[in-house]
Amino acid sequence: MPDRYRPVGTSGNDAPRIVTLVTVTTPDPHQTTPGGKPRARALGIPFGGRPGPLNAITDVPGVEVGYTTLIEGSAIRTGVTAIHPRGPAGTGDPVAAGFHSQNGNGEMTGVSWINESGTFDGPVAITNTHAVGIAHAGIIEWTVRHHPVVAEEWLLPVAAETWDGYLNDINRQHVTVAHVVAAIEAARPGPVEEGSVGGGTGMNCYHFKAGSGTASRLVDDDTVGVFVQANFGARRELVIAGVPLGDALADDDPMLDWDRAAPGSGSVIALVATDAPLFPHQCQALARRVTAGLARTGTSGSHFSGDLFLACSTANPGAFRPDEARTMSGLEFVPWERLDPYYEAVVQATEEAVVNALVANEDMTGRDGHRSPALPRDRVTGLLAAADRLR
């Protein structure tokens, strides 16, 4: 037999061997997280709009996400999330930005400068309430190491928080500057893990285990991505795909019996990124639309919840970079009368990001034996099927 016709796995005098062909399939990022957890679309939950290839904030070119996750012993359930709007190399090139506070019972540093200049620069860090100062210091430490020229001027980092004290021993300062730097250095493009990771590790939403979630939408040739650290809402408020589910799922709610926090307290941080060219005030308009996306999941916005939203545009590179030789600079921007599709994209992606944070989760027990139950996925799909709301 001529060599070119010999079956694979045989030598010249051998009998043909059985060859097993293995097909390796890549998980659909719309259905599954990189760690193999289901996303909302895997349950058949319907959402409006057209998602990007990854259905994540990293569909926006240049955006990278990294995590440090701390789960140790019975009482440490926390971490850090880092998001680069222009990637690590883009530090020193500010992005147009706008901030909106739905309810101010929370903290996001750098907001005074964002409101003044319409910009921010460098990575954003999200962590727990009592570590927000550490996150701020960690961003500075990373910048000093990797962008010393930028650090020589002045830094006003963006660090934000939500409260994880139900599951995490929040007062012991488990998050360190090294953990923040590690999250920033771990940031990558591509699919984004969701659920109990990074700053979302110890977070709860609608009294179910939640945390980190993301989604994206395409608007013509532009992309709008949303990332949330979801830690808000009372169980009775929960709505998925337009179906009120809180009362039907009210039976396993250990947080309701904990008297140190009012139902609905906690907070939510949202970061919206887009490659559409926008003015800072247009970014602020996008940030305001996060409120409508959260409302689709049922929340009315508790007094005890810090609901803080930041939107940025990665377009117009170099336009805000300090340059003593330049006396004038210009921006391209989407006309105001054409912004409605971008508003809709923010609303749709925010709603899906919250549900993704709930779906991609399991039960967690933390400090003092406190337990946060996972969203019961089978019951949810049964209730949505009964309402004829599954795809």
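Mentor: Let's start with a term: a residue is buried when its relative accessible area is under 20%, exposed when over 50%, and partly exposed in between. Also keep in mind that this is a predicted model.

Trainee: Got it. So is Glu 141 buried, exposed or partly exposed?

Mentor: Glu 141 has a relative accessible area of 30%, so Glu 141 is partly exposed.

Trainee: Which residue does Glu 141 form a salt bridge with?

Mentor: With Arg 145, where the closest N and O atoms are 3.0 Å apart. The two share helix α2 (residues 132-146) and sit four residues apart, about one turn of the helix.

Trainee: Why would two side chains like that pair up?

Mentor: Side chains of opposite charge can pair when their charged atoms come close.

Trainee: How many salt bridges does the structure hold?

Mentor: There are 15 salt bridges in the structure. One of them joins Arg 39 to Glu 194, with the closest N and O atoms 2.7 Å apart. Those partners come from distant parts of the chain: Arg 39 is in the segment before β1 (64-72), while Glu 194 is in the loop between α4 and β7 (204-205), 155 residues apart.

Trainee: Are Arg 39 and Glu 194 buried or exposed?

Mentor: Arg 39 and Glu 194 are both buried.

Trainee: And what does Arg 379 meet in a salt bridge?

Mentor: The side chain of Arg 379 meets that of Asp 251, at 3.0 Å from N to O. Arg 379 belongs to helix α7 and Asp 251 to the loop between β12 and β13, so this pair ties together parts that are 128 residues apart in sequence. Asp 251 has 55% relative accessibility, so Asp 251 counts as exposed. Arg 379, at 37%, counts as partly exposed.

Trainee: New topic! How many aromatic pairs are there?

Mentor: Searching the whole structure turns up five aromatic pairs. Among them, Tyr 166 and Trp 258 meet edge-to-face, 5.3 Å centre to centre with 70° between the planes. Both of these residues are buried. Another pair, Phe 279 with Phe 333, is stacked, at 4.2 Å centre to centre and 25° between the planes.

Trainee: Where do Phe 279 and Phe 333 lie?

Mentor: Phe 279 is in the loop between β13 and α5 (280-295), and Phe 333 is in the loop between β14 (306-313) and α6 (340-359), so the pair ties together parts 54 residues apart in sequence.

Trainee: What sits over the ring of Tyr 343?

Mentor: That would be the charged end of Arg 289, 3.7 Å from the ring centre. Similarly, the charged end of Arg 235 sits over the ring of Phe 208, at 3.6 Å from its centre.

Trainee: Now the inside. Which residues of the largest nonpolar core touch the most other members?

Mentor: Ile 45, Leu 238, Ile 240, Leu 358 and Leu 375 do, out of 51 residues in that core. Elements such as β9 (211-219) and β10 (222-233) each supply at least two residues of this core. Helix α6 gives the most, with eleven residues.

Trainee: What is Ile 240 in contact with, leaving aside its neighbours within four places in sequence?

Mentor: Ile 240 is in contact with Ile 45, Leu 245, Val 355, Leu 375, Val 380 and Leu 384. There is also a second, separate core of 28 residues, which includes Val 95, Met 108, Ile 126 and Leu 308.

Trainee: Why do nonpolar side chains end up like that?

Mentor: In soluble globular proteins, nonpolar side chains tend to be buried together.

Conventions: Residues are numbered from 1 along each chain as its sequence is written. This is a predicted model: local features need pLDDT of at least 70, side-chain atom pairs count only at pLDDT 80 or more; totals for chains, interfaces and linings use all residues. Side-chain values use heavy atoms; hydrogens and water are left out. Rings of Phe, Tyr and Trp (its six-membered ring) pair if their centres lie within 6.5 Å; planes under 30 degrees apart count as stacked, over 60 as edge-to-face and the rest as tilted. Buried means under 20% relative accessible area, exposed over 50%, partly exposed in between (1.4 Å probe, protein chains only). A charge sits over a ring if NZ of Lys or CZ of Arg is within 6 Å of the ring centre and within 35 degrees of the ring normal. A nonpolar core is a set of buried Ala, Val, Leu, Ile, Met, Phe, Trp, Tyr and Cys residues joined through side-chain atoms within 4.5 Å. Contact means heavy atoms within 4.5 Å. A salt bridge is a side-chain nitrogen of Lys or Arg within 4 Å of a carboxyl oxygen of Asp or Glu.
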